[in-house]
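Trainee: Please take me through one part of this model in detail: the charged side chains and how they pair up.

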Amino acid sequence: AAQRRSEEWEEEQGMPGCGGEAAAGSVEDGLAGALAEVRSAEAAVREEEGRVAAARGAARQARREAQQASAAARVAAASAHEAAQAVRKEEDRLRGAQAAARAAAAEYAEWAVKQARRTPGSGAE
């Protein structure tokens with residue numbers, strides 16, 4: 001019965017009368033091909049894993065650089081804010097000095113007019 005099944009299989013495979021050795025060789029060839037495909041697929045998977053690891057590394061580096069840039073931007077913003085405050089303070093001081101100078105000039109002008117009025121022959125009487 002086993003012989004008959006082997007012969008039927010040989011006929012189905014298009015190898016009548018080749019015997020079990022040919023069938024075994026065909027199976028071995030098929031298995032060798034399948035093994036080669038598996039190894040090729042494994043190599044492709046390892047290659048893809050390498051690309052994924054490189055991409056993850058690049059993403060981590062980009063994230064670190066973005067965090068550093070963000071920190072630098074915060075420092076720059078704080079410095080700009082401090083500089084703006086210093087400018088406003090200096091402008092306020094300048095406005096105060098200008099007001100004091102105007103007041104002093106007005107006071108001096110008033111004093112000079114009074115002096116001129118008191119001085120005979122100045123023409124300001």
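Mentor: Start with the criterion: a salt bridge here is a side-chain nitrogen of Lys or Arg within 4 Å of a carboxyl oxygen of Asp or Glu. Before you trust any contact, remember this is a predicted model, where local features need pLDDT of at least 70, side-chain atom pairs count only at pLDDT 80 or more, and totals for chains, interfaces and linings use all residues. Residues are numbered from 1 along each chain as its sequence is written, and side-chain values use heavy atoms, leaving out hydrogens and water.

With that in hand, Glu47, Glu48 and Arg51 are linked in a network of salt bridges. Searching the whole structure turns up five salt bridges.

For the backdrop, the chain has two helices and zero strands (DSSP runs numbered from the N terminus: H or I of at least four residues for helices, E of at least two for strands). Of the 125 residues, 2% are buried (under 20% relative accessible area; exposed is over 50%, partly exposed in between, with a 1.4 Å probe and protein chains only). The accessible surface comes to about 10,100 Å², and carbon and sulfur atoms own 57% of that (Shrake-Rupley, 1.4 Å probe; for residues, only the protein chains shown count as cover).

Now the pairs further along. Arg93 bridges to Glu90, with the closest N and O atoms 2.5 Å apart. These two sit three residues apart in helix α2, so about one helical turn separates Arg93 from Glu90. Glu90 is partly exposed at 42% relative accessible area. Right alongside in the numbering, Arg95 pairs with Asp92, and there the closest N and O atoms are 2.4 Å apart. Again the spacing is three residues within helix α2, about one turn, for Arg95 and Asp92. Both ends are partly exposed: Arg95 at 45% and Asp92 at 46%.

Lys114 and Glu110 also meet in a salt bridge, 3.7 Å from N to O. This pair is four residues apart in helix α2, about one turn. Lys114 has 42% relative accessibility and Glu110 has 49%, so each counts as partly exposed.

Finally, some charges that gather without pairing. Arg56, Arg60, Arg63 and Arg64 form a positive surface patch. Patch members have over 30% relative accessible area and no salt bridge, with like charges joined within 9 Å and nonpolar side chains (Val, Leu, Ile, Met, Phe, Trp, Tyr) within 5 Å. Lys and Arg count as positive, Asp and Glu as negative, with His and the chain ends not counted; each charge is placed at NZ of Lys, CZ of Arg, CG of Asp or CD of Glu. Within that patch, Arg63 belongs to helix α2 (residues 19-118) and is partly exposed at 49%.
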